[in-house]
Amino acid sequence: MEIENISQMLQNSRTFAKNDAIIIEPRYTLSDLYPIARLSQKMDSVLNVSATPAVTKAKTDDCPYTVEYVTEEDSEALLDMLKTFFFKDEPLNTYLNLGECKELEEYSLKCIKDGCSFKAVAKNGEIIGVFLNALMHRPAPDAVPEASADACEHPKFKKILQLMDFIEGDFNVFDLYPGTNTILDGKILSVNTNYRGLGIAGRLTERTLDYMREHNIPVMHVLCSSHYSARVMEKLGFHEVYRLNYSDYKVNNEVVLKPEPPHVAARILVKEIADVVKTKL
């Protein structure tokens with residue numbers, strides 16, 4: 001899709017932010033993977049951050065947890081945590097009454113192999129927070145996005161993957177960052193709600209941004225299915241560049257996903273941590 005022809009694709013089903021709008025296409029192997037986790041309405045106390053982009057790290061000596069790399073050995077513990085604090089409360093899951101879904105579980109952990117995900121670990125060894133991330137690499141010019149929904153046998157989860165495929169097919173972040181070959185994709189951010197007020201989500205995000213600096217990755221993007229998670233990311237310095245209202249996303253002229261308000265749109269937010277060449281809209 002050519003950026004010069006952007007006016008031709010401005011239809012009722014999509015709305016762009018006015019400033020530095022960019023197009024997101026998660027071209028990870030399973031880039032259909034889930035929007036960032038829904039956090040509770042009280043996440044302001046969980047984050048313990050202000051509306052400014054900076055995140056203040058807790059003093060190491062006083063902090064009751066550490067932030068560490070996620071490894072394959074964490075898979076079982078991470079699934080237990082996600083089942084408790086993410087899967088059942090994510091707004092699309094809730095609307096569809098998704099229930100047990102092994103495919104979702106497998107997809108959620110696929111990105112661990114990229115080595116850029118982080119966990120918060122309490123002093124007793126319990127994982128109390130996680131930010132699952134993936135690396136996106138510029139696709140070959142003739143690459144065709146994989147339709148992940150085609151291989152999905154779970155009828156309800158298939159509907160969510162179709163939404164992801166729709167976004168992936170329409171939007172390519174690398175078209176808007178012509179000099180960037182690698183972008184970090186924030187997949188799932190989830191915090192154990194029993195550990196509120198400790199700034200866990202903020203510290204996990206800051207450690208992710210540190211990883212980007214260490215590896216010269218200038219841009220991070222997240223796809224939020226939840227109003228609350230998008231608000232959390234805005235508090236962490238991300239800004240919205242794309243919005244697809246659920247009421248405008250239709251299959252066979254029918255609205256497919258109708259989560260309860262305030263979850264009215266899938267939103268893409270980005271954060272740039274270095275100067276990058278961007279294609280202006």
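In this predicted model, a network of salt bridges links Lys-83, Glu-100, Lys-102 and Glu-105. Within the network, the side chains of Glu-100 and Lys-83 pair with an N to O distance of 4.0 Å. Glu-100 sits in the loop between α3 (91-96) and α4 (102-109) and Lys-83 in helix α2 (residues 75-87), so this salt bridge ties together parts that are 17 residues apart in sequence. Glu-100 counts as exposed because its relative accessibility is 53%, and Lys-83, at 33%, counts as partly exposed.

Salt bridges come to 14 in the model. Side chains of opposite charge can pair when their charged atoms come close. Another such pair is Glu-240 with Arg-267, at 2.5 Å from N to O. This salt bridge links distant parts of the chain, with Glu-240 in strand β7 (residues 239-245) and Arg-267 in strand β10 (residues 265-272), 27 residues apart. Buried means under 20% relative accessible area. Glu-240 therefore counts as buried at 18% relative accessibility, and Arg-267 counts as buried at 9%.

Lys-278 and Glu-272 also form a salt bridge, and their closest N and O atoms are 3.4 Å apart. Lys-278 has a relative accessible area of 22% and is partly exposed; Glu-272, with 27%, is partly exposed.

Burial can also be followed along a helix. Helix α7 covers residues 200-214, 15 residues in total, and spans 21 Å from its first C-alpha to its last, close to the 21 Å expected at 1.5 Å a residue. Of its 15 residues, 13 are buried, so α7 is largely enclosed by the rest of the structure. After α7 comes Asn-216, which has a positive phi, near 55°.

How values were computed:
Residues are numbered from 1 along each chain as its sequence is written. This is a predicted model: local features need pLDDT of at least 70, side-chain atom pairs count only at pLDDT 80 or more; totals for chains, interfaces and linings use all residues. Side-chain values use heavy atoms; hydrogens and water are left out. Helices (H or I, at least four residues) and strands (E, at least two) are DSSP runs, numbered from the N terminus. The expected span of a helix is 1.5 Å times one less than its number of residues. Buried means under 20% relative accessible area, exposed over 50%, partly exposed in between (1.4 Å probe, protein chains only).
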